[in-house]
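Trainee: I should like to learn how to read a structure with more than one chain. May we go through one together, feature by feature?

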Amino acid sequence: MATTIGDLRQFRIAFLYQLRSYLRTWRFIGLLIFVLLIASGLLAVQLHRGVDAVTANNPTSSDYLATYLSTLEDAVIVVAAFLGGDALAVDLSGGPGYLMLTQPVRRGTLLAGRYVAAVVTGTAIGLVYYLFAAVAVQYFYGNIPSSILLSLGAALLFLLAVLAVAFFFSSFFRNATVSIIASILILLLGFPILTSVGDLLGAEPWYSLDYGAQTITTVFQSSFKHESSMHIGGARGVGITLYSYSPYPWEGAVIMAVYLGVFLVLSYVLYRYKEVKG
Amino acid sequence: MPSIAATNLTKRFGKFPALEDATFHYDRGGAIGYLGPNGAGKTTTLKLFTGLLRPTSGTALVNGRDAATDPKGALWDVGSLVETPEPYPALTARETLAMIGEFHGLTSEEIRDRTDRYARELELPPLDRKTAKLSKGQKQRIVIAGILIAEPTVLLLDEPTSGLDPAERVIIRNLLIRLKAQDRLILMSSHLLQEVTEICDQVIFINNGRILMQDTVEHIADRFKVTSLEVEFARPADPGQIAAIAGVTRVQPVSPTRFRLDFDGSEEARTRILESCQKVAPVTSFSSASLTLEDAYMRLMQGGSAR
């Protein structure tokens, strides 16, 4: 009997075949078109308005990028939910799982291979967005601020964290469709609500992934304000005070890294120990 | 030598006992039929051996490795077909087989040679077609080729011909017979007793999560053997007279001149009974029939016992 091959080699195999699966599906093409439409749509509107109007609204190239990339967060969530939402549920619901989970491969190895394949695919799609942003800012301002690299790093970390959350839902639910829908709802609605609650109560929403993701655009702010407030409704004690928080870049990175670590570990534990009852 | 061993293997879903205290051990090549009605615990047993389920208590060892605590080691030399596995739809049939082969550490040449061989033997569909576009039977043959590509010594098969058309069944049955001859250890559940009789040397009967009996096909048939004789007389005969013949355990009149007599199946008893029948009335013809594995199965499932 031959000896088993190493986990690292099996990780590579799991990664390559998963990547191949992603790149061949209509889902990948659909997500690419989705991101292309958003990025090119934004650019088209700004081109239509003209250079003067655009630069009047956003005096610096950094301001412009902060505005342009404000929609990136939602795009990343949709991409991650579709790439990660069913990555593990497909096995736990039977079908392909009866083929894959009976192979001599650790489930952790399969998870790692699929996760990295999702990261690579998601990054490729996300880079398209940044490519449009770079071309646009170069066209309107004649320069590309170096902070775009920091933003790109934050966006990559956000993608990693969001995929970890999507993988968690994928290992939690046995139904792939339910898993994708749950990922989108929680990431697109749940976390922003958590952040808004913090803003309303005057408590920094450091617990929200959505809050950490603001780092993608706050790195462009020249006069960074961690906390600001605005009182509405007359004298103090009569109206309401609205608070607004922005994470420090390090803080945003820590929030996203914690989500990444915690949800990836939870995904592993669920995927590793869940039984396939059929 | 390939081996599988269940020791006091128990699986409960809540309070429902899907498998209770199953114990069996096989450590050489051959085919074992795993027989029982729906819900008996057959698939649960195979899932425990493939790490898809974890036992409530007891152990399921494959080649000496525990499927619950060391699934990678236990499944290394195993090909398994549990429930209805499906290949990933975005991959082609060839890629599916290559992926499984690579996971088992096969070289590209080995994968190519074996893929071509099984394409001929199992009459696989075009290998460069995405599996999403294949029929259920075609997918199942791809899955079976995937199970065999690493040439495992242990095969765990859950109704391997289920869902196949008659021609496909013949292909798989012949393949299993050939694999058995190569000293592979095959544990296969099936509803098709004829199939089990043709392929398997040993049989395990299971019902309500409990193993009722395990032995060779011959021994089980022998243990349940109640051979019958059908005797045709030249004229109507008295059933009472026939029942009084030494060795006859039961008489069933088929017609006034034709009777079915149960006896223990021995050669001496048959000779003696036929001689005695001649004294009741002239015998014009007789025929004998033994119980099949199917009869044994039916008796066991109805709560009967061996002789």
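The dialogue below takes up chain B, its sheet, the cores and the contact between the chains.

Mentor: Please keep in mind from the outset that this is a predicted model.

Trainee: How many helices and strands does chain B have?

Mentor: Chain B contains 11 helices and 14 strands. Its C-alpha trace spans about 75 × 45 × 35 Å along the principal axes.

Trainee: Is chain B a compact globule or more spread out?

Mentor: One compares the radius of gyration with the value expected from a rule for globules. For chain B the radius of gyration is 24 Å, whereas the globule rule gives 19 Å for 307 residues, so chain B is more spread out than a compact globule. As for burial, 43% of the 307 residues of chain B count as buried.

Trainee: Into which domains is chain B divided?

Mentor: Domain 1 covers residues 4-215 of chain B, and domain 2 covers residues 226-289. The C-alpha centres of these two domains of chain B are 47 Å apart.

Trainee: How should I read a sheet?

Mentor: The general idea is that strands of a sheet pair through backbone hydrogen bonds, in either a parallel or an antiparallel manner. In chain B, an open sheet of four strands runs in the order β2-β1-β4-β5, and its pairing is antiparallel. Its edge strands, β2 (16-26) and β5 (65-66) of chain B, each pair on one side only.

Trainee: Over how many bridges do β1 and β4 of chain B pair?

Mentor: Strand β1 (residues 4-13) and strand β4 (residues 57-62) of chain B are joined over five bridges, in the antiparallel sense. You may also locate B:Thr10, which stands opposite B:Ser57 in β4(B).

Trainee: Which residues have the most contacts inside the largest nonpolar core?

Mentor: They are A:Phe158, A:Ala161, A:Val162, A:Leu163 and A:Ala164, in a core of 155 residues. Helix α9 (residues 147-172) of chain A gives the most to this core, namely 16 residues. A second, separate core has 10 residues, among them B:Val231 and B:Phe233.

Trainee: What does A:Ala164 touch, leaving aside residues up to four places away in sequence?

Mentor: A:Ala164 touches A:Tyr259, A:Leu260, A:Phe263, A:Leu264 and A:Ser267.

Trainee: Finally, how many residues of each chain are in contact with the other?

Mentor: The contact involves 24 residues of chain A and 29 residues of chain B. On the side of chain A, α1(A) provides the largest share, five residues. By class, that side has 12 nonpolar, nine polar and three charged residues.

Technical notes:
Residues are numbered from 1 along each chain as its sequence is written. Chains are lettered from A and ligands numbered from 1 in the order in which they are written. This is a predicted model: local features need pLDDT of at least 70, side-chain atom pairs count only at pLDDT 80 or more; totals for chains, interfaces and linings use all residues. Two residues are in contact if their C-beta atoms, placed from the backbone, lie within 7 Å. Helices (H or I, at least four residues) and strands (E, at least two) are DSSP runs, numbered from the N terminus. Ala, Val, Leu, Ile, Met, Phe, Trp, Tyr, Cys and Pro count as nonpolar, Asp, Glu, Lys and Arg as charged, and the others, Gly among them, as polar. A nonpolar core is a set of buried Ala, Val, Leu, Ile, Met, Phe, Trp, Tyr and Cys residues joined through C-beta atoms within 7 Å. A residue is buried if 20 or more other C-beta atoms lie within 10 Å of its own, exposed if 12 or fewer, and partly exposed in between; C-beta atoms are placed from the backbone. Domain bounds come from an automatic or database domain assignment. Two strands pair if DSSP finds at least two bridges between them. The radius of gyration is taken over C-alpha atoms; the globule rule is 2.2 Å times the number of residues to the power 0.38.
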